[in-house]
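Me: I would like a close look at one part of this model rather than a tour of everything. Please pick a sheet, explain what packs against it, and follow the thread wherever it leads.

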Amino acid sequence: MNPTAAVLVAAREALHTRTPVVLIHLVSARGVDGEEPGLRAWYTDAEGLTGSVHNSKVDAVVAREAASVLVSGHPQMITLGTDGTEATRRDSEYVRVFLDVVVATPRLLIVGAGHIAQPLANISSVLGFETVVVDERADFANRHRFPAADEVFACPIEAFLEDYAIDDRTFVVLVTRAHRFDEAALRLLLGSPAPYIGMIGSRRRVHVVYKTLLGEGFRTDQFERVFAPIGLDIGAKTPAEIALAISAELINVRRHGRGSHLSIGDFRLGQHGGS
Amino acid sequence: MEKYFQQIVAHTERGERVASAVVVSSRGSTPQDVGARMLFFADGTTWGTVGGGCVEADVRAEARRVLADGKGRAISVELVDDVRGEGDVCGGTLEVLLESWDGGGTRAVG
């Protein structure tokens, strides 16, 4: 079986489990025979290295590097001599290997299928999030209202969240129709590895939810990771604008942005390296 | 899960060849991220991006050859400075790796 076909078999597995995979490509080589560029091997935490890049010494180093690429999430190029030691392109013998990490698509779980959820699902889908919507009202949570969503579930929110696997690439937005639903959802989410939990509502509504949960034994510091009220402050008014403000916050968290203007306010010719 | 794989799996399962392109290194003032990815399908449609504009035109032309001969390869793409415009090649250099994906597993290792 050729490496790309074999990797596709592994990819199908990974698709189901949201397992990250490192694809290992030979980019170029010098002084070694018959090494054409192409996909050679892949690496997962569970299986280790499958396939071979060059010889056992090179493969051992590649496997070690692949493990660290899985942790960092950043692809990496390495240049190795045929004995597995670090090399440069000035050496007479080397292989250049690209470790490409393919991680699960970030997912946005929208809890509540009302008037904010609709534009939010559209924007989130365009942004490349796998978009999932849940609401117990079947006349709200349906394909007709959410054509861009990847999955729409019409079932009770608590029951859904108890079952649903929220991983460290699942962003969650709470836009339910009443704070008791937000509260019920938040109760289940506070212990999850979600990188983002946002909750809609006025400061008052948010306080009411926090107060109730504090009374149940949750701690104040557990609310620090919750973005509530939700969204970047861009003066959003309409449902679509609010959805945009929420989306901007998602990107800001995902990409570690600063949420401020990029504008060069005080530009004067000649002072900023401009020609 | 990963839409990149989803796309490759869906197309190859229909017996189509897919060409992938990934930016493996960049030098100079390039806005492109190492790891930026694009897929090219037999019907001319694409998924993802390796940076738009001139880069994409170069990569697309190479991807067409990959779709034709099924062979992976690495190419260098010179970037045109986006202020000075065409002709001035001072925006940097990208190295792009192209790969051919075939389903089924009947093809011999190259």
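Reply: Happy to. One definition comes first: two strands pair if DSSP finds at least two bridges between them. Please keep in mind that this is a predicted model.

The part I have picked is the sheet of chain B. Chain B has two helices and five strands, and along the sequence they come in the pattern α-β-β-β-α-β-β. Five strands build an open, antiparallel sheet in the order β3-β2-β1-β5-β4 (chain B). At its edges are β3 (46-48) and β4 of chain B, each pairing on one side only. With direction ignored, neighbouring strands of this sheet are turned by 25 degrees against each other on average.

Let us start at the β4 edge. Seven bridges tie β4(B) to β5(B), and these two strands run antiparallel. If you would like a pair to find on screen, take B:Val77, whose bridge partner in β5(B) is B:Leu94. Packed on the sheet is helix α1(B), which touches β1, β2, β3 and β5 of chain B. The direction of α1(B) makes about 15 degrees with that of β2(B).

For a view from within the sheet, B:Ser20 is a handy residue to select. B:Ser20 sits in strand β1 of chain B. Why does B:Ser20 count as buried? The cut-off is 20 or more other C-beta atoms within 10 Å, and B:Ser20 counts as buried because it has 26 C-beta neighbours inside 10 Å. Setting aside its neighbours within four places in sequence, the contacts of B:Ser20 are B:Arg37, B:Leu39, B:Leu98, B:Glu99 and B:Trp101. You can also check a distance here: B:Ser20 and B:Gly48 are 28 residues apart along the chain, and their C-alpha atoms are separated by 9.9 Å. For chain B as a whole, buried residues make up 36% of the 110 residues. Among the contacts in chain B with a separation of 6 or more, 52% are between residues 24 or more positions apart.

Now to the helix itself. Which residues of α1 (residues 3-13) of chain B are buried? In α1(B), they are B:Tyr4, B:Phe5, B:Ile8, B:His11 and B:Thr12. Because these residues cover an arc of only 140 degrees around the axis, they lie on the same side of α1(B). The cover over the buried residues of α1(B) comes from both chains: it includes β1 (18-27), β2 (37-41) and β5 (92-101) of chain B, along with α1 (3-17) and β5 (94-102) of chain A. After α1(B) comes B:Gly15, whose phi is positive, near 85 degrees.

That cover leads us to the other chain, beginning with the two helices. α1(A) and α1(B) pack with their axes 10 Å apart, at an angle of about 125 degrees. α1(A) is therefore oblique to α1(B): the angle would have to be over 145 degrees to count as roughly antiparallel, and 65 to 115 degrees to count as roughly perpendicular. The crossing of α1(A) and α1(B) is left-handed. On the α1(A) side, the contact is made by A:Leu8, A:Ala11, A:Arg12, A:Ala14 and A:Leu15. On the α1(B) side, B:Phe5, B:Gln6, B:Ile8, B:Val9 and B:Thr12 take part. Three of these names may ring a bell: B:Phe5, B:Ile8 and B:Thr12 are also among the buried residues of α1(B).

Stepping back to the whole contact between the chains, 29 residues come from chain B and 27 residues from chain A. On the side of chain B that touches chain A, at least two residues each are supplied by α1, β1, β4 (73-79) and β5 of chain B. What gives the most to that side of chain B? It is α1(B), with seven residues.

To tie the thread together, α1(B) packs on the sheet of its own chain and also packs with α1(A).

Technical notes: Residues numbered from 1 in each chain as written. Chains lettered and ligands numbered in written order. Predicted model: local features only at pLDDT ≥ 70, side-chain atom pairs only at ≥ 80, totals over all residues. Buried ≥ 20, exposed ≤ 12 C-beta atoms within 10 Å, placed from the backbone. Helix = DSSP H or I, 4+ residues; strand = E, 2+ residues; numbered from the N terminus. Arc of directions from axis to C-beta. Contact = placed C-beta atoms within 7 Å. Axes fitted to C-alpha atoms, helices over the stretch in contact; angles between N-to-C directions. Parallel < 35°, antiparallel > 145°, perpendicular 65-115°, else oblique. Left-handed = near helix turned anticlockwise from the far one by under 90°.
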